[in-house]
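I am opening a notebook on this structure and writing down what I look up as I go. My plan is to take helix contacts, then the place where chains meet, then some details of the backbone.

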Amino acid sequence: MKILIFSLLRLGDTLMHRQIRNGLKAKYPTAKFTWMVNDNLPSVVELIDPNDEVQFFPRKSLQDIALLKTVPITAPEGILREWISILQDSTFDLAINLSHDKVSGYLMSLVNAEKKTGLQWDGISQWAPMENSWLRYLNDHMQSGSISQYHYCDLLLQIAEVPAVIQNIRETKSDVILLQPFTSDQKKNWSLENWRLLQLWIEENTSYEAIVVGAPFEEAQLKKVFPAAAIKILGLAELQNEVKNSKMVISGDTAIIHLAALVGTQSLTLSLGSSDFRKTSAFGPGHFVLSPNTKCKPCHHSKACTQTSHLCEEDLPPEYAQNLLDHLLNDHHPLKWKKAPVSAFRTGFRNGFLYLEELSESKLTMEKDNEGRSSSLL
Amino acid sequence: MATNRTFDLRANPQGYLIPHENGAALSCAIDPEKQARQWMDKNKHYIQLGLPVTVLGIGAGLHLQKLHQLTLLPITAVDTRPGLISWARKIFKQTEINFVLLEEKQSVLTHPLLTGEIGRTLPLIFEPAAGNSLEHFRTSAENLRGRSDEVWTMKNLDPAKPRHWREWAVTYHDVLHIEQKILKEVLS
């Protein structure tokens with residue numbers, strides 16, 4: 001069976017789409033997968049199963065050629081037509097659109113596939129009817145600003161009619177905690193000063209080493225705040241290995257959190273700005289989220305912060321992250337969380353769907369087992 | 001200027017016919033084969049884009065022969081010399097290369113056979129064949145790319161406005177084909 005997966009969004013989305021690929025693999029064990037991803041991130045290949053084929057949609061190439069003064073202004077159309085003719089040389093048993101955007105919907109109508117699942121153009125004049133109720137739910141609730149009862153991966157799994165392959169947190173003897181300060185969006189970033197305070201706190205108050213990770217283009221900024229010895233600049237394949245070999249990953253709502261969920265490393269997400277953790281938290285049991293209760297959060301994905309200062313960040317001082325880590329890593333009771341400007345959540349599965357359980361001081365205390373150990377890490 | 005031009009063909013030692021204008025060769029008289037090969041190498045990245053090509057300058061025609069061997073896409077060859085056009089039509093009569101006479105001072109923007117190509121063809125100048133027409137070729141190429149100020153003015157569009165830009169780059173049919181729908185999203 002040949003399955004084509006459209007994954008034409010960002011890196012973090014493609015990593016979440018791996019959860020659906022794993023579900024498809026569980027349902028169709030002999031299936032061969034072809035991924036269609038954007039060409040602006042060729043290194044994503046490093047994070048996709050080596051048995052899978054990867055094809056690139058030339059989004060960036062078309063944008064670059066459109067600006068190239070030495071070629072005709074309509075050159076991108078000719079190039080796209082050529083690319084489509086090559087795409088149409090292949091046939092698939094199933095094409096599934098996990099991107100749910102217009103480009104992937106149009107491309108779905110051009111693919112030769114016996115069965116097509118997800119958003120698609122009817123090839124004539126309109127979008128094909130969404131007969132699947134989960135697809136309609138995704139369409140209605142996944143836009144920025146709308147509230148969803150379901151995680152993004154759960155909806156896609158339901159649309160694909162495949163089970164979630166649940167990756168539990170792996171036992172590990174690692175003494176490394178990875179901190180990734182940067183996300184792709186300024187609104188979702190915690191200040192580097194906060195990250196530095198958290199890193200120092202981990203080093204001084206736990207038995208773990210706190211390593212700061214980043215991409216090559218982030219190195220100069222990281223070096224302004226962190227000692228060089230504490231920084232690791234990594235490619236995607238190296239990052240995946242580091243995540244796999246770590247005790248925990250702490251970051252904003254970004255790709256590394258989804259990587260952690262896939263390899264079974266515990267994560268703590270500091271959910272700021274447009275991050276809507278109910279839709280995009282780590283998709284697996286036993287992960288944690290800290291989210292300030294700031295009124296304007298989550299804000300619009302593609303717009304700049306409208307406040308005079310970064311209020312959600314101000315509502316999440318390092319003490320809360322330290323407090324939760326103290327509980328998770330040192331087995332200490334949490335500090336007073338009543339009337340806190342921050343909420344803490346833990347992920348789990350109920351009836352086959354991911355849910356986020358809000359943790360309170362009493363809840364955390366109650367979770368101590370008879371021997372006084374915290375159950376959160378079990 | 002055009003009326004004072006003289007045009008003739010002279011065989012070189014290897015037997016290639018080399019066109020001359022006012023006694024000056026319009027391609028390399030010693031090794032036109034090598035010159036054509038070098039031109040193809042220089043332009044191969046553009047040719048590989050898979051777009052229809054308009055070559056400005058016919059010269060000895062060897063570069064057209066090589067281009068024709070490489071691509072199945074439509075080729076138009078433009079020159080300012082009527083005699084050269086007639087000669088080329090004869091030697092390339094087995095091919096589908098379309099030869100077009102563009103008079104000196106005649107703009108591609110008003111040429112009945114070339115206006116439809118504006119913005120839709122890849123113009124490549126064969127400079128050795130330009131002679132006195134080099135500036136005319138360059139202006140014509142700029143217009144054929146559809147990116148010159150003249151074209152924007154003619155279409156009454158402002159390249160600084162993204163909406164206008166997309167309108168010209170993507171929407172040139174009344175009904176959008178699916179490629180154009182995709183491009184409108186990709187270029188937004």
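I began with the contact between two helices of chain A, and I noted that A:Trp134, A:Leu135, A:Tyr137 and A:Leu138 in H5(A) meet A:Tyr152, A:Leu155, A:Leu156, A:Gln158 and A:Ile159 in H6(A). When I sorted the residues of this contact by class, I had eight nonpolar, one polar and no charged. I should write down early that this is a predicted model, and I keep that in mind for each entry.

Next I looked up how these helices lie. The axes of helix H5 (residues 133-141) of chain A and helix H6 (residues 152-160) of chain A come within 8 Å, and I recorded a crossing angle of roughly 150°. Because an angle over 145 degrees counts as roughly antiparallel, I wrote H5(A) down as roughly antiparallel to H6(A). I also noted that H5(A) and H6(A) cross in a left-handed way.

I then turned to helix H9 (residues 236-244) and helix H10 (residues 255-263) of chain A, whose axes come within 9 Å and cross at roughly 55°. With that angle, H9(A) and H10(A) are oblique to each other, and I marked their crossing as right-handed. From H9(A), I listed A:Leu239, A:Gln240, A:Val243 and A:Lys244, which meet A:Ile256, A:Leu259, A:Ala260 and A:Val263 in H10(A). In the contact of H9(A) with H10(A), I found six nonpolar residues, one polar and one charged.

In chain B, I looked at helix H1 (residues 32-47) and helix H2 (residues 62-70), and I noted that their axes come within 8 Å and cross at roughly 45°. I therefore entered H1(B) and H2(B) as oblique to each other, and their crossing as right-handed. On the H1(B) side the contact is made by B:Pro32, B:Glu33, B:Ala36, B:Arg37, B:Trp39, B:Met40 and B:Ile47, while H2(B) brings B:Leu62, B:His63, B:Lys66, B:Leu67 and B:Leu70. By class, I have eight nonpolar, one polar and three charged residues for the contact of H1(B) with H2(B).

After the helices I asked myself how many residues each chain gives to the contact of chain A and chain B. I found 29 residues from chain A and 27 residues from chain B. The area buried between chain A and chain B is about 2,500 Å², and I noted that carbon and sulfur atoms give 71% of this area. Of the area that chain A buries against chain B, 27% comes from A:Pro72, A:Ile73 and A:Glu77, which is more than any other three residues supply.

I also searched for salt bridges, and the whole structure has 19 over all chains, with two across the interface of chain A and chain B. I looked up the one between B:Glu179 and A:Arg81, where the N to O distance is 3.7 Å. B:Glu179 lies in helix H7 (residues 178-186) of chain B and A:Arg81 in helix H3 (residues 75-87) of chain A, so I noted that this pair joins two chains.

My last entries concern the backbone of chain A. The peptide bond from A:Lys297 to A:Pro298 is cis, with omega near 0°, and I placed A:Pro298 in the loop between strand S11 (288-292) and helix H12 (311-314) of chain A. For A:His100, I noted a phi near 55°, a positive value in a residue other than glycine; A:His100 is in the loop between strand S4 (91-97) and helix H4 (102-110) of chain A.

Key:
Residues are numbered from 1 along each chain as its sequence is written. Chains are lettered from A and ligands numbered from 1 in the order in which they are written. This is a predicted model: local features need pLDDT of at least 70, side-chain atom pairs count only at pLDDT 80 or more; totals for chains, interfaces and linings use all residues. Side-chain values use heavy atoms; hydrogens and water are left out. Axes are lines fitted to C-alpha atoms, for helices over the stretch in contact, and angles run from 0 to 180 degrees between N-to-C directions. Helices (H or I, at least four residues) and strands (E, at least two) are DSSP runs, numbered from the N terminus. Angles under 35 degrees count as roughly parallel, over 145 as roughly antiparallel, 65 to 115 as roughly perpendicular and the rest as oblique. A crossing is left-handed if the near helix is turned anticlockwise from the far one by less than a right angle, and right-handed if clockwise. Contact means heavy atoms within 4.5 Å. Ala, Val, Leu, Ile, Met, Phe, Trp, Tyr, Cys and Pro count as nonpolar, Asp, Glu, Lys and Arg as charged, and the others, Gly among them, as polar. Buried area is the accessible area (1.4 Å probe) that two parts lose on being put together, summed over both. A salt bridge is a side-chain nitrogen of Lys or Arg within 4 Å of a carboxyl oxygen of Asp or Glu.
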